[in-house]
Number of protein chains: 2
Amino acid sequence: MDLAQALLEGNRRALAQALTLVETGGPQARMLLAALFAHTGRAHIVGVTGAPGAGKSTLVAALAAHWRRTGRTVGIIAVDPTSPFTRGAILGDRIRMQALSGDSGVFIRSMASRGRLGGIARATGDAVAVLDAAGFDMVLVETVGAGQGEVEIAATAHTTIVIETPGAGDDIQAIKAGILEIADLLVVNKADRDGAEQTVRQLRAMLSLADLPADGWTPPVLTAVATRGEGIEAIAAATERHLAYLRESGRFAGREQERARRELRLILQETALARVHARVSSSDWDALIAQIVARTLDPYAAADQLLDRAWSNAGG
Amino acid sequence: MDLAQALLEGNRRALAQALTLVETGGPQARMLLAALFAHTGRAHIVGVTGAPGAGKSTLVAALAAHWRRTGRTVGIIAVDPTSPFTRGAILGDRIRMQALSGDSGVFIRSMASRGRLGGIARATGDAVAVLDAAGFDMVLVETVGAGQGEVEIAATAHTTIVIETPGAGDDIQAIKAGILEIADLLVVNKADRDGAEQTVRQLRAMLSLADLPADGWTPPVLTAVATRGEGIEAIAAATERHLAYLRESGRFAGREQERARRELRLILQETALARVHARVSSSDWDALIAQIVARTLDPYAAADQLLDRAWSNAGG
């Protein structure tokens, strides 16, 4: 496939096209991903998550600039609707990212996270694969962390960085209970604000209460002022240390298996839906929908009917 | 089925059991939902979403108390990891909810939103159906709004309330761009804080720029101080007005169709995955995962293989 070849040779226009293709999905996207897949598995995939306003994009930009200075190439995927990387963002925010523009060793792509139920997780995984195949050393994935999103990103990444801000009080406290499970690194950003030390202490206290294996990785709690670049080197170093830990401890293989298992499940579900759509006419779908709305058929029975029909039409 | 019968007769223990069952999923859950489905379609389903710390739970509690005073029963589902309704919450927050406890006309259920990729949307839809069948007049669904979650809730609800807070600045501005698409009501909570009027003005300005149909529903921008119960009556009234609008304009049927279509799609995908798991041995899955990790097989080809195998084993 020409597009795959061009992308593998470093053509940036081909890369942009490929990302659009996998975001849309469909047979062409599948062919492309099949062609690229053998070239994946080299990038260090880093997830960055946190509440809106925590400074994720600024931190991602600063980390990217740091890794560029050390000679590494960086691909960035923003699946965060509040990210300045994404469409509809404010010009003022974009300006902060200018340090990265005009550098062919950085590629930034925002994913539309709206209006496509379920598909975004699959599309993000595919976009990571494309950037990985294109040869980027680091692939950073920025998602807003406040629910399902952060779990998804933890399943996509080798290393997950969770960003907190000082003194956000009880509400943040409640989030943390969940976030601890997925964080490989905790960063208190905007650490020049009041309450930063207390937030660091709280996070460390929560970690000490958590049931972490004695021989495993203890997530470091770091501080940063991302707008001024403070703390970025330490975060980058800890991120690299985490990857080294995964490899040395033999846990890297386990993460790769989890990633593959999740990816396969998502793709299987999309493929099954696509097969049913291909094999059952839209008027048959509409008739079932009408019965569900009229409460004469429950959606579970309707799903069974659709699958049976697609299954029996499979041979014909 | 006994459980369904007990639930339909108003047994609260049966309701709690049913919700646990549908959250877990599986064949028994399917049978229960099939039995209950004919009894659904009566509740007004209201989604409440907003960023962490916006005061969603307090507003939900205040709305519930209001509707109880007007004689309506209220079911609440919290799929928000930051909600005080959910497990792991802080005692202090729970106390705010005490006004609702001990009233059999209110039922609160929190959903674990962690660790189950994709399944939460299906489980939430099923929990709504259970509360609907149990006869609750209003079903309130609280989700944290910062990405995919709010789109999901808009697809589940008849009326979606989006909560903002004053003066959250540029970051919130960026969220709004997306949130306007799903909001039927906009509420600026914590309206006693500085900047509330400006936030109201900004939201109205954004609405006036949005491409809303002239003959359609224009989302009202309301203010509230939920902790003191201020503004709650107006929000409840606007929520009821929105349902009346949907019915009178004939758009209610369209929303019901959209809800059914989405539900069917989610259930179809879960069912397909369950069928493949039932028909392909776990050692065959493991072998495919190993090939994916080794990059000798791409996950799209693996999904095709699994579906083909399940399809051909379907008759046997």
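**Helix α12 and its surroundings in a predicted model**

The buried residues of α12(A) are covered by, among others, α13 (299-312) of chain A and α11 (251-279) of chain B. So the cover over this one helix includes pieces from chain A as well as chain B. Everything described here comes from a predicted model.

Which residues of α12(A) are the buried ones? They are L288(A), I289(A) and I292(A). These residues take up an arc of only 105 degrees around the axis, and that is why they end up on the same side of α12(A). Flip to the face turned away from that buried side, and the exposed residues S283(A), D286(A) and A287(A) show up. The length of the helix checks out too: α12 of chain A runs over residues 282-293, and with 12 residues at 1.5 Å a residue it should span 16 Å, which agrees with the 16 Å between its end C-alpha atoms. After α12(A) comes R295(A), with a positive phi near 60 degrees.

Zooming out, chain A holds 13 helices and seven strands. Of its 316 residues, 51% are buried. Take the contacts in chain A between residues at least 6 apart in sequence: 75% of them join residues at least 24 apart.

R30(A) offers a case to look at up close. This residue sits in helix α3 of chain A, which covers residues 27-37. Is R30(A) buried or exposed? With 23 other C-beta atoms within 10 Å, R30(A) counts as buried, because the cut-off for that label is 20 or more. R30(A) and D126(A) lie 96 residues apart in sequence, yet their C-alpha atoms are 9.5 Å apart in space.

Over in chain B, there is a sheet to trace. Strands of a sheet pair through backbone hydrogen bonds, in either a parallel or an antiparallel way. The sheet in chain B is open, has seven strands with parallel pairing, and follows the order β3-β2-β4-β1-β5-β6-β7. At the edges are β3 (106-110) and β7 (221-223) of chain B, each of which pairs on one side only. On average, neighbouring strands of this sheet are turned by 20 degrees against each other, ignoring direction. One of the pairings joins β1 (residues 44-50) and β5 (residues 159-164) of chain B, in the parallel sense and over five bridges. Within β5(B), I163(B) is the bridge partner of G50(B).

Notes
Residues numbered from 1 in each chain as written. Chains lettered and ligands numbered in written order. Predicted model: local features only at pLDDT ≥ 70, side-chain atom pairs only at ≥ 80, totals over all residues. Helix = DSSP H or I, 4+ residues; strand = E, 2+ residues; numbered from the N terminus. Buried ≥ 20, exposed ≤ 12 C-beta atoms within 10 Å, placed from the backbone. Pairing = 2+ DSSP bridges. Axes fitted to C-alpha atoms, helices over the stretch in contact; angles between N-to-C directions. Expected span 1.5 Å × (residues − 1). Arc of directions from axis to C-beta. Contact = placed C-beta atoms within 7 Å.
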